[in-house]
Amino acid sequence: ETHDRLKAALVQSLGIMGKNREGLPSALPALYSAMMDRSQRVRAAAATAYGELGKTAAEDLPSLVHEGFLVLLLDPYVVVHSAAIHAVRQVRLPTQFRVGVLNRLVLLITAYSTSRENDRLLSRCIERFLELCSKGDGLTPQILRSIIATIDRMEPTEATRIIKYHGWRLRSASGFADLSVKLLGDPRTYERDLDDLVEELAE
């Protein structure tokens, strides 16, 4: 209990142990307990372990574990919700928890967009949101406009990254072409990204 680094390493290994059907029942109580641990390092490790388990066994996890993960997405410590955001990309979320994750991503996007403290993490939140929304056809014109407005206020390097990897999801959005032109003309945009921006503008 007094060695957070060791405990976190052990918790992270639960994600591997739990991939085995025989190991899963033993791993789950420890994983849920780690999600509620007093240590932010341990909670972050629990988010990582959940991501590993969710690659193949998401449907086998009890609702309590998924609900515990939703709490991690709004953890007050960046290291924890950052690990949880990364885990979202790996997990095949059961349908009933997808809306919960989307709602929490919206809250994080709003918070980081307002504070302007961490555009890198903001870009990861937007990427996860786009990936989940596109699976359920939830990208309405209103949502797309809001996303474009958020990206428009970000650091050019992070804004360009989103367009580079998710531009095909944003092409129909009002303001997408203007944003691409703006980034092309920004001296802070990396030269290596210019061709990608031109291609997206062409599309």
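The structure holds 15 salt bridges, a salt bridge being a side-chain nitrogen of Lys or Arg within 4 Å of a carboxyl oxygen of Asp or Glu. The model is predicted: local features need pLDDT of at least 70, side-chain atom pairs count only at pLDDT 80 or more, and totals for chains, interfaces and linings use all residues. Residues are numbered from 1 along each chain as its sequence is written, and side-chain values use heavy atoms, with hydrogens and water left out.

**Exercise 1. Describe the fold of the protein chain: its secondary structure, its extent and its share of buried residues.**

Step 1. The secondary structure comes to 11 helices and 0 strands. Helices (H or I, at least four residues) and strands (E, at least two) are DSSP runs, numbered from the N terminus.

Step 2. Read from the N terminus, the elements run α-α-α-α-α-α-α-α-α-α-α.

Step 3. The C-alpha trace spans about 55 × 35 × 25 Å along its principal axes.

Step 4. Of the 203 residues in the protein chain, 47% are buried. Buried stands for under 20% relative accessible area, exposed for over 50%, and partly exposed for values in between (1.4 Å probe, protein chains only).

**Exercise 2. Characterise the salt bridge between Lys55 and Glu52.**

Step 1. The side chains of Lys55 and Glu52 meet at 3.2 Å, N to O.

Step 2. Both residues belong to helix 3 (residues 40-57); because they are 3 residues apart there, about one helical turn separates them.

Step 3. Lys55 is partly exposed, as its relative accessible area is 30%. Glu52 has 19% relative accessibility and therefore counts as buried.

**Exercise 3. Which parts of the chain does the salt bridge of Glu158 and Arg124 link?**

Step 1. The side chains of Glu158 and Arg124 form a salt bridge at 3.4 Å, N to O.

Step 2. This pair links distant parts of the chain: Glu158 is in helix 9 (residues 156-170) and Arg124 in helix 7 (residues 119-135), 34 residues apart.

Step 3. Glu158 counts as buried because its relative accessibility is 8%.

Step 4. The pair is part of a network of salt bridges that links Arg120, Arg124 and Glu158.

**Exercise 4. Place Glu200 and work out its link to Arg171.**

Step 1. Glu200 lies in helix 11. With a relative accessible area of 10%, Glu200 is buried.

Step 2. Glu200 and Arg171 form a salt bridge, with the closest N and O atoms 2.8 Å apart. The pair links distant parts of the chain, since Glu200 is in helix 11 and Arg171 in the loop between helix 9 and helix 10, 29 residues apart.

Step 3. The side chains of Glu200 and Arg171 are also joined by a polar contact of 2.8 Å. A polar contact is a pair of N or O atoms within 3.5 Å; within protein, one must be able to donate a hydrogen and the other to accept it, and residues adjacent in sequence count only if both atoms are side-chain atoms.

Step 4. Arg171 counts as partly exposed because its relative accessibility is 35%.

**Exercise 5. Which residues form the negative surface patch, and where is Glu191?**

Step 1. Glu191, Asp195, Glu199 and Glu203 form the patch. Patches are made of residues with over 30% relative accessible area and no salt bridge; like charges are joined within 9 Å, and nonpolar side chains (Val, Leu, Ile, Met, Phe, Trp, Tyr) within 5 Å.

Step 2. Glu191 sits in the loop between helix 10 (176-185) and helix 11 (194-202).

Step 3. Glu191 counts as exposed because its relative accessibility is 68%.

**Exercise 6. Locate Arg116, Asp60 and Val79, and give a backbone value or a C-alpha separation for each.**

Step 1. Arg116 is in the loop between helix 6 (95-115) and helix 7. Its phi is near 55°, a positive value in a residue other than glycine. Arg116 has 40% relative accessibility and so counts as partly exposed.

Step 2. Asp60 is in the loop between helix 3 and helix 4 (63-72). The C-alpha atoms of Asp60 and Arg21 are separated by 9.3 Å, the residues being 39 apart along the chain. At 34% relative accessibility, Asp60 counts as partly exposed.

Step 3. Val79 is in helix 5 (residues 78-90). The C-alpha atoms of Val79 and Gly23, 56 residues apart along the chain, are separated by 27 Å. Val79 counts as partly exposed, at 42% relative accessibility.

Notes. Accessible areas come from the Shrake-Rupley method with a 1.4 Å probe; for residues, only the protein chains shown count as cover. Lys and Arg count as positive and Asp and Glu as negative; His and the chain ends are not counted. The place of a charge is taken as NZ of Lys, CZ of Arg, CG of Asp or CD of Glu.
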